[in-house]
Amino acid sequence: MSVWDYIVNLIPNLAHNLRAAVAGGPDWLVFLVMGLAGVLALVAFVMLQVPPLTWVERRLVARAQVRMGPNRVGPFGLLQPIADALKLMTKEVIVPSSADGLLHLLGCALIFIPPFMIFAVVPFSMGGVFTDLNMGLVYVIAVGSLGAVIIFTAGFASANRYSMLGAARAVAQLLSYEVPATIALVTVALAAGTLSLSGIVMAQTVPYILYFPLALIIFFIGSLVEVNRSPADLAEAESEIIAGYHTEYGGFKWAVFQLAEYTHMVAASALIATVFLGGWKGPGLPPYLWLYAKMLAVILLYMWIRFTLPRIRVDQVMAFAWKFLLPLSLINVLVVGLEVALAPGLPVWLIGINIPFAAASIVVWAKVYRALEGPPRLMQRRELPGITVPLSAETPAGSVR
Amino acid sequence: MYGTGLMKGMAVVLKTMLFKPPFTVQYPEQRVEPPRRFRGASFVWYEDRCTGCSTCAKACPQGNIEIVTSAGQYNQYFVEKFDIDHLRCMFCGLCVEACPYDALFMGGDFENASYSRAALVVGKKLLNAAAPTRIPSSYFHPELDHIDITSGRPVPEIRKAEQEKNQDIGWASR
Amino acid sequence: MTLRTDPVTINFGPHHPSTHGVFQMRITADGEVITNLEPVMGYLHRGCEKLSEGRTYTQLVPLTDRLDYLSPMSNNVACVLAAEKLGEIPVPERAQYIRVIMAELQRLANHGAMTGFLLNDLGTFFTLFHYTMREREKILDLFEMTCGTRVTVSYMRPGGVLQDLPEEFMPRLRALLDELPQRLDEYEALITENEIVLARTKGVGVMPREMALAAGCSGPMLRGSGVKWDIRKNDPYGIYDRFQFDIPVGTNGDVYDRYWVRIQEMRQSVRILEQAYRDIPQGDVRTRLPLFFRLPTGEAYARIEAPKGELGFYLVSDGGIAPYRLHVRSPSFINLGVLRDLTVGYTVADAVITLGSVDIVLGEVDR
């Protein structure tokens, strides 16, 4: 076996070597060592990405805003994340007196867990996966919705009204977007014929982004909401509810929430890269580098969106999920199901059908949605007793428009 | 419609991100040269021109300038005390505008942080010592926009010479 | 089963990222929907009106810089107009043009800042804000080279302006005027057709025409509600009757219309600046007055179309060197009076952008 082969199959080879090293021991020892090594490797992989990502995001947003960004600590400000972490670690940890101390702590301790658990089933190369669950997609969805509970814990325990509002928003939107995102993943499962993420990667001779652009768009929007990124960062909308569910967290606890935000983003990008962009498959480079490059592309897209787009209002987020994305995803499942039944093996000409279909279905459904809803009737002003504000509907004279 | 408006905004941001150089200045290393009319902290006061008339003190909205004079031998005033309180000064420039004898000028300095409050009340001694080295601002004296009155040399030349000397003429260093 | 819900009182501010200063909104909310809103102001009260009674008419000018600190030039103009009106002080032709140039540049800077802040309130990560601040910096550079400071300008004087423009002002202004239309297009690309902005701002914070008139709103607030009222046209001061420009008027009176009116006003300001650049004559810029000049006994009210609305200075003189009484009709304060009516029934997120669209500066609200 050449060195290049060893590098290409680095993860299975390392696992094999480790297993060989402890092979003499009892079964439970092998199980424990292999498990711990895997967990450590995953945690290190995810955690080590966060500081560079914060640096990248800050530099990029600075460039988008015609300024320099961090450039004082180290060359190009590369050590800035470390300086920030040190500063945050030295700060006093304050727990509000009315807060529930234990839940307050649990909120920030547990927030990491769902994104890490997602990485358990993400394949980094052929055979390079922590545990190849045969229902990996179901597992991913189940773990993903855990985040809502933890965010609610954090917000509820803070005993702060901003936190409570943020927590309520987070639960509402996370649960709503689970539905269309899950149905979007169903199309992929239908086409691949398996729920295992490794199986889905193997099934992608052509990346599914070309076969199922509509499912990708729906899942991408859903993931934007689930990782709490702009334009759906309602749970921590700084211009409205200060910091949402983590308003009452300071110092290192706050840093934990920031880290969690990035780990969520990394996990979501890994999922999108695996399911829609062909996972670790790619020519030339080792497979884990391919996966990483695809993840990075998705992360950069997340960042770019954050720099540009304003935030959606909470009722619009919900309406968009239930009235727009959900019917669209159901239509998508129907069409993909028919395609899989009538043209098994996903011939390449399906791409030529599916891309215009995605564009057409968005446009048509938008029109139908408009027609059903009537003219853009936005947030209805609630009629309240004791308020005598006449709302005149007629267009005033003297308009230049 | 259908996200085209969003795409337009994202294109603008991408264009800026990729092609626009930063607009900001890295302050301690790079400095923006204040314009000639800058109303800065380091006042320039020429004792030989000052008659002690206290018009500047009267014109000051805050009452920051304290002047004490004594009668001299030949029907003139000696300025005993000329204190400008930088702590309360808002650099409105009304004192410079009021001075009938062109004895008081604004300066070009803006870094006047200090560890002691007393150091920010600038008196006659400091002003006298600083007057020959400072370049008066051309605020309310547009004729100085390109000429420095102390030496008569054009301003850019003086600025250059000053940079070569590389000495801080701010109040903070004193 | 019916769920019983309790209203919750949220204190928005005085330390809140989007109250634009030390302003407090006591919001009573039923879930996300506001049932009552109580504006609390006065945290920045400095007694400017009382202070001015101990200042000469020239010394008033630095005080007005600190009222609306996003548009000090306009405040200066309004203040000296009152003194000129009472004392019938002539103003040289060139000074009138300089005043127009400065006031319109200030309007561009102020509306730019407001637009940037609006998108910030909507939740963008400061991007448009930095773009508008970049252009504001260029405008403030022009101010700095003319009068020595960027924000606390104190440039206007009764009887003209402090001093003439420096030589390099006109070329710089020309360059800025050439650049601004493209920049405005850039801002509009980020806002005007952005679906999320449209969804968030259309139909939010609706102020009907009648309410706007009854509440005494002015400026973009009033014009956003469809009332064609601009003091530059309706009661021209200075030399505004010589300039060609349109008054943009909104239709619905919602947040989007107030934004739209402002971005159109910026284009009109560029138009006015082009005309002023073309027509500005040479000559004197200041009528010389004594250091402590006296105004005749009487009273005068001068008003201008400041970026935020009708800014009026009501000056009462007893013949002394200082005003007997000075009252400032500040547009921010009066426009803020309708805040409760604009926000009740909408969500908490809407209250933030509605406050942003009123475009307040607390220095002027509390005075």
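Chain B has five helices and five strands; helices here are DSSP runs of H or I with at least four residues, strands are runs of E with at least two, and both are numbered from the N terminus. Read along the sequence, the order in chain B is α-β-α-β-β-α-β-β-α-α.

Before going further, a word on how to read this model: it is predicted, local features need pLDDT of at least 70, side-chain atom pairs count only at pLDDT 80 or more, and totals for chains, interfaces and linings use all residues. Residues are numbered from 1 along each chain as its sequence is written, chains are lettered from A and ligands numbered from 1 in the order in which they are written, and side-chain values use heavy atoms, leaving out hydrogens and water.

## Inside chain B and the cores

How much of chain B is buried? Of its 174 residues, 46% are buried, where buried means under 20% relative accessible area, exposed means over 50%, and partly exposed is in between (1.4 Å probe, protein chains only). Contacts (heavy atoms within 4.5 Å) also tell us about the fold: among those in chain B between residues at least 6 apart in sequence, 72% join residues at least 24 apart.

In soluble globular proteins, nonpolar side chains tend to be buried together. A nonpolar core is a set of buried Ala, Val, Leu, Ile, Met, Phe, Trp, Tyr and Cys residues joined through side-chain atoms within 4.5 Å. The largest such core here has 212 residues, and those touching the most other members are F119(A), Y208(A), F82(B), L105(C), Y155(C) and F169(C). Helix 4 (residues 93–122) of chain C gives the most to this core, with 14 residues. A second, separate core holds 31 residues, including I241(A), F23(C), L37(C) and C217(C).

Take a look at F82(B) in the structure. Leaving aside residues up to four places away in sequence, F82(B) touches ten neighbours if you count the names: W45(B), C56(B), I65(B), E66(B), I67(B), L104(B), V122(B), G123(B), K124(B) and L127(B).

## Where the chains meet

Two chain pairs can be set side by side. Buried area is the accessible area (1.4 Å probe) that two parts lose on being put together, summed over both. A salt bridge is a side-chain nitrogen of Lys or Arg within 4 Å of a carboxyl oxygen of Asp or Glu. A polar contact is a pair of N or O atoms within 3.5 Å; within protein, one must be able to donate a hydrogen and the other to accept it, and residues adjacent in sequence count only if both atoms are side-chain atoms.

| Chain pair | Buried area | Share from carbon and sulfur atoms |
|---|---|---|
| Chain B and chain C | about 2,800 Å² | 57% |
| Chain C and chain A | about 4,300 Å² | 58% |

The contact between chain B and chain C takes 35 residues from chain B and 38 residues from chain C. On the chain B side, F23(B), R37(B) and R39(B) lose the most area to chain C, together 22% of what that side buries. There are four salt bridges between these chains; in one, the side chains of K20(B) and E186(C) meet at 3.5 Å, N to O. The count of residue pairs in polar contact is 17, both at pLDDT 80 or more. Helix 1 of chain B gives the largest share of the side that touches chain C, eight residues.

Between chain C and chain A, the rule finds three salt bridges. D350(C) forms a salt bridge with R313(A), with the closest N and O atoms 2.9 Å apart. This pair of chains also has 15 residue pairs in polar contact.

## Two unusual backbone angles

Most residues other than glycine have a negative phi. F76(A), however, has a positive phi near 55°, and sits in the loop between helix 3 and helix 4 (80–89) of chain A. D359(C) also has a positive phi, near 60°, in the loop between helix 14 (348–358) and helix 15 (362–366) of chain C.

Which of these is buried, and which exposed? F76(A) counts as exposed because its relative accessibility is 58%, whereas D359(C) counts as buried because its relative accessibility is 5%.
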